[in-house]
Amino acid sequence: MSLALVIGLTAAGGVARGAEPDAPTDAFAPQGVLFGPDDLLWFEVRVGNDQIAESMDAYASRAGVFLPLGQFSRILDLSVGVFPAQARAEGWILSRDRRLIVDLDARTARIGDRLVVMGADQAQVFGDEIYLRADLIEQLLPVRLTVDTSAQVLRVQPTETLPFQSRMERRARAAGLDGRSGAPDIVRLEAPYQAFSPPVFDVNVGGLITRDGTDSARRFDVRAAGDLAWGTVQTFAGSNDEGELSDVRLSWSRKDPGNRALGRFGGTRVGFGDVFTPSMPIGVAGLAGRGVYYSSASLEALDIATPLNLRGELALGEEVELYVNEVLQAAQAAPDQGRYEFLDVPLTHGLNTVRLIFYSPDGRTREVVRRINFGAGQVEPGRLVVRFGAVEQGRALISVGDNEDPFATGELRLALQADYGLSEALTVTAGLGLHDPAGEGQRMVGLAGLRGSLGGAALQFDLGVDDLGGSGATGGVSARLFGASVVARHSEYRGGFIDETRQLGLISALPLLRATDLRADWQVRLPSGPTLPLSLDARRLERVNGEAATQVSARMGAPIGRFYASNSLTWEKIDGAPDGGALFGATDFTTLISSAVQFRGGLSYELSPEARVVTAFATADVNLNERQTLRFGAVRVVETGDTSLQAASLWRTRAFDVALNGAYETDSGEWRVGLQFGASFGFDPERGRYAAIRPGAATGGAARLNVFVDDNGDGLRQVSEEGVPGVVLEGPGGAVTTDAGGHGSISGLGDAATARLRIDLTAVEDPFLAGGPTDLEATPRPGHTIQIDYPMTRTAEVQAVAEIVREDGGARPLSALDVELVSADGARVVSGRTDHAGLIYFEGVRPGSYSLRLAEQAGLLGLELVEPLTVTVGPTGGFTDAGRLRVRRQASPAGQGGQE
């Protein structure tokens, strides 16, 4: 075999591990843009009952499902290399005489002697990959594919024995090797509940003074959270505008995404005190009160019939915005009894990203991110899922002040629902509820339903009856149609049945006769611009007295240049009204004018029955330094001509935050001045006392990072071991950089099922310091700080030069050769590939003895080592030269008969 053939086959043998792009772009798409970044899905790849890849990129659009040729070939252990810049792929399948050549420019592919003509909608270059439609993959590779976009599973049925099938057992036995590349090692951080932990406190105190004193106000709220009796205890105390204590809440809870909250009794969430009941699919909605709750349902999945109701803590002076899949859906400017509440949040079919962005009065922002799978709500065959809640409606565990909540009836509200998986495609549901809807007296509701899937669509049907002779039925479907996510529901009611779930927040409205909801979400691609997410909601309610109302809303939000803009339009029509309905909307946008100045603006308007601007606003936040921010704003009510000018100065000290704000009404000449203090305190175990911490720890989890040079390799920090500054810990609520001692704390992890944390080592000055996994996952909880001890080790950069020895004894560099660096005990393997000069570098090699060996590729190409090559990395690390790795051709190439 000639050297040129060796190099050519090596280049066709696959792309270097880790070459998959993080964010592909459509830099080259000769067939037109068939899909875009927003069409990305992650598929689990299965062969029979075996999972051969936990996650593989794919894109699903109106044109079809597109799979990455290079990545998919490596999963199957096929020797196919992709060359996106040339719009070409080459390799061989099972044997070298069965060549595969894909030429996107010519729109042809050749497999062996067979020529396949590609359609214009079957292939696209995207980032560093070539994507082929699933039906074209079946023509080129010996597989049959079944794509389930709803479950996000790709099932592969080989039509011939593929190499990976005979190698799976060997790879499973090899420690640390699983045959995949580019997937980060995610370390799960365990945070067990404790019998007691010192609580964390958030304190906010504010006052307002006006010119005439009639609207003066003073308010406070205090939150505390910590572990007690192996659960989380949360307390809240808040005042009214007169500074009088008006609300007190107290609860104990446990949370476990693994369904072990109550040990052998399971449970993903359990608790008692001031809690919420779960919402049933029909009839009984979830409301607050003093009582208990239990759920073994997934924390990150919902069915079509169960509304997503988001509730949480909102501090005095904070504002919160709700985004679903990057589209602004709602906002709340002030807390209600210390909480925010978003009811019946609209979701799309499949995976949803729900973001809550909090704006604090001191100029900071934090985010809470949840990812929720929305579909049929099926459970595994033979599994029982239970949701239960029982409360005294609207009554708090500790009653103070006057409660004017119209829901506070004190009546028993109960919701019990059980889901059981009959098969992979069918789940049955039954339930029992007790409630006092609209002040009409208590009634009992029985529930029966089905959940399933058909052809990628999620289906749901529920029937409810009450003990007063009323009945209701609701059905729903969610699916992807013509590139859009569509969710539809329809309900019918008889006999005065009251369904609170379809008219959340109403207590005195007449019962419904029927209700219809339709939601569609898709990506609108402009001819020469960005991809814009668009959501459309339509709802029609008909009541027993003949009243009927229709509402249609459209929302869009996307980055446009340096701006992020969102717009909403809503049309409302009441049957029988003399006009044709009202059409109104709102536009908001934000941009960074410079690194220190952020501008936000917007307006609300009416288009019919008359066109007019209702209100307009603009704000600018100026960061003078890390401790001081200025805010300027203006709000104008166009119809009255009233304009409110606002200004604020925000200071952050080590012990507290303070905001001084003022406003002036140009029309009336009224003015007001406000002052607000905010502080958070947590127990510092290293100092043995309470200390000021970043706000938000009492409403969600926090993390403390301890980074050090582990000189003795025991994983524990000794007094003599120095800290590592400059390490960044990133979380949902922001980022923090470790100080000279290697310490840093971050709050705002939220209270979701999981929170992702990432350790960024790029700013560490010593290039030969290496850490462990950088992607972390934890289950945060209020008042708990996760301790992350992160030892770093001094490492080396090992260099070698690969040469092929010719028959005449001469040698020359060999490029594109896969080489592995193996520790003496075989536990550590570092892979690499030689460059055009035969050079290979192994970075982050820990101290110890290593040997260099050829990778599996060498056997396919008929290459072997002339002699072993070893190298020793000293305890101080640094640069290490391993020397020359000499290879030669085998007398009888092992790969002559094809891949094993």
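Phe 35, Tyr 59, Phe 66, Phe 126 and Tyr 131 are joined by ring pairs into a cluster. The model is predicted, and it holds 15 aromatic pairs. One of them, between Phe 589 and Phe 599, is described below, followed by charges over rings and the nonpolar cores.

**Aromatic pair Phe 589 and Phe 599**
- The rings of Phe 589 and Phe 599 form a tilted pair, with 5.9 Å centre to centre and 35° between the planes.
- This pair links distant parts of the chain, ten residues apart: Phe 589 lies in strand β38 (residues 582-594) and Phe 599 in strand β39 (residues 597-608).
- Phe 589 is partly exposed, at a relative accessible area of 29%.
- Phe 599 is also partly exposed, at 25%.

**Charges over rings**
- Arg 355 places its charged end over the ring of Tyr 323, 5.2 Å from the ring centre.
- The ring of Tyr 193 has the charged end of Arg 781 over it, 4.1 Å from its centre.

**Nonpolar cores**
- The largest nonpolar core has 43 residues, and the members that touch the most others are Phe 72, Val 102, Leu 141, Leu 145 and Leu 154.
- Strand β2 (residues 50-61) contributes the most to this core, with five residues.
- Apart from neighbours within four places in sequence, Phe 72 is in contact with Val 45, Met 56, Ile 137, Leu 141, Leu 145, Leu 154 and Val 156.
- A second, separate core holds 23 residues, among them Leu 814, Phe 842, Val 845 and Leu 852.

Note on methods: Residues numbered from 1 in each chain as written. Predicted model: local features only at pLDDT ≥ 70, side-chain atom pairs only at ≥ 80, totals over all residues. Heavy atoms only, no water. Phe/Tyr/Trp six-rings, centres within 6.5 Å; stacked < 30°, edge-to-face > 60°. Helix = DSSP H or I, 4+ residues; strand = E, 2+ residues; numbered from the N terminus. Buried < 20%, exposed > 50% of the residue type's maximum accessible area, 1.4 Å probe, protein only. Lys NZ or Arg CZ within 6 Å of the ring centre and 35° of its normal. Core = buried A, V, L, I, M, F, W, Y, C linked by side-chain atoms within 4.5 Å. Contact = heavy atoms within 4.5 Å.
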